[in-house]
Amino acid sequence: MIIIPAKVRAQSEHRHYFAISFIATFCVMAFMAFMAVYVFSPNANPSGAEAANADAYVPVAEDSLTVLVVGQPGDKEGVPIFVLAKFDPTRQTISVTALPAQTYLVKGEKKDTLGGTFWLGGGAYARLALAEAMGLQIDRYMVIQQAEFLQIMELLGPTDYQLPVALQYESEERFIDMDAGLYQLDGKKAYDVITYPTYGGGEIERCQIVTGLVTRVINGRMELFTSPLVDAIFSGVVNRAETDLSQLDYQQRKTAAEYMAHLATEPAVAADIAGAFDEAGEHFILSEEGTATLTQLYGQPN
């Protein structure tokens, strides 16, 4: 059973705004990371040779790639946001998992939160710490600031999304009033869903909501994967972000990307976290089920 301590649920509005003002980035950040390794095609329509290559392709484990995407706040009072995304042609899936910054990492005598490792050493160190503590294969990282979120969402266009809970919130700075149900999310509505400050289940529920929204955005925008827009999106995001993801990563997986782009199924799959906060509300501890899920999806190859 997941336990949400009262302290976590009752955080002040000030703390919420530091914590949530950057969460909006990671819906699109994850999508952009996928695109960067998945859909960099200069032509709106693939040539016959490209289609033939995709048809002849046999998925291999070496073509998989996992990226840790981080939404970076403007200062250390804020809370960075983390999402794991794995491009996996052998399973014909893109797995998506959002993790709280308070995720507790233990490796020998080293103990810290995922957010703490990021502030200590940046995205590269957070990737390494998470991989070592959990025994995961995380190949690349990407860190993106908040500023481009609304702009990129508007570029992608509205996304059909089934909002699972009603959102009502009012303060001097903002007003949110959304009934549960089907929406076409533009940038502002997506921002409201992701940054809503009073989810009943706290950061755990927020991670679940955002994971679902990310997968919806990816699956709802499959037509972009062979669009000329992908070139501009890839270049713009990678040039603005701090990342070790490169065009070489894509080139080495181009045939795999063509294979995935021609599948009739929706590849993005939400993999929710399982765990609980400690009594102090400072550390999120993955349960045995949660650890097993991460290992199964993102673990080191046998």
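## Strand pairing

Two strands pair if DSSP finds at least two bridges between them. In this predicted model, strand 1 meets that condition with strand 2 and with strand 6. Seven bridges link strand 1 to strand 2, residues 81–88, and these two strands run antiparallel. Within that pairing, Phe82 of strand 2 is the bridge partner of Val70.

Strand 1 is also joined to strand 6, which spans residues 140–144, by five bridges. Here the two strands run parallel. Met142 in strand 6 stands opposite Val69.

## Burial of strand 1

Strand 1 covers residues 65–71, and seven of its seven residues are buried, so the strand is largely enclosed by the rest of the structure.

In a regular strand, side chains alternate between the two faces of the sheet. Both faces of strand 1 are covered. On one side, Leu65, Val67, Val69 and Gly71 are buried. On the other side, Thr66, Leu68 and Val70 are buried too.

## Asp63, in the loop before strand 1

Asp63 lies in the loop between helix 4, residues 48–56, and strand 1. Is Asp63 buried or exposed? The cut-off for buried is under 20% relative accessible area. Asp63 has 12% relative accessibility, so it counts as buried.

What does the side chain of Asp63 make a polar contact with? The partner is the side chain of Tyr57, at 2.5 Å. Leaving aside residues up to four places away in sequence, Asp63 touches Tyr57, Phe87, Pro89, Gln252, Arg253 and Ala256.

Terms used. Residues are numbered from 1 along each chain as its sequence is written. This is a predicted model: local features need pLDDT of at least 70, side-chain atom pairs count only at pLDDT 80 or more; totals for chains, interfaces and linings use all residues. Side-chain values use heavy atoms; hydrogens and water are left out. Buried means under 20% relative accessible area, exposed over 50%, partly exposed in between (1.4 Å probe, protein chains only). Helices (H or I, at least four residues) and strands (E, at least two) are DSSP runs, numbered from the N terminus. A polar contact is a pair of N or O atoms within 3.5 Å; within protein, one must be able to donate a hydrogen and the other to accept it, and residues adjacent in sequence count only if both atoms are side-chain atoms. Contact means heavy atoms within 4.5 Å.
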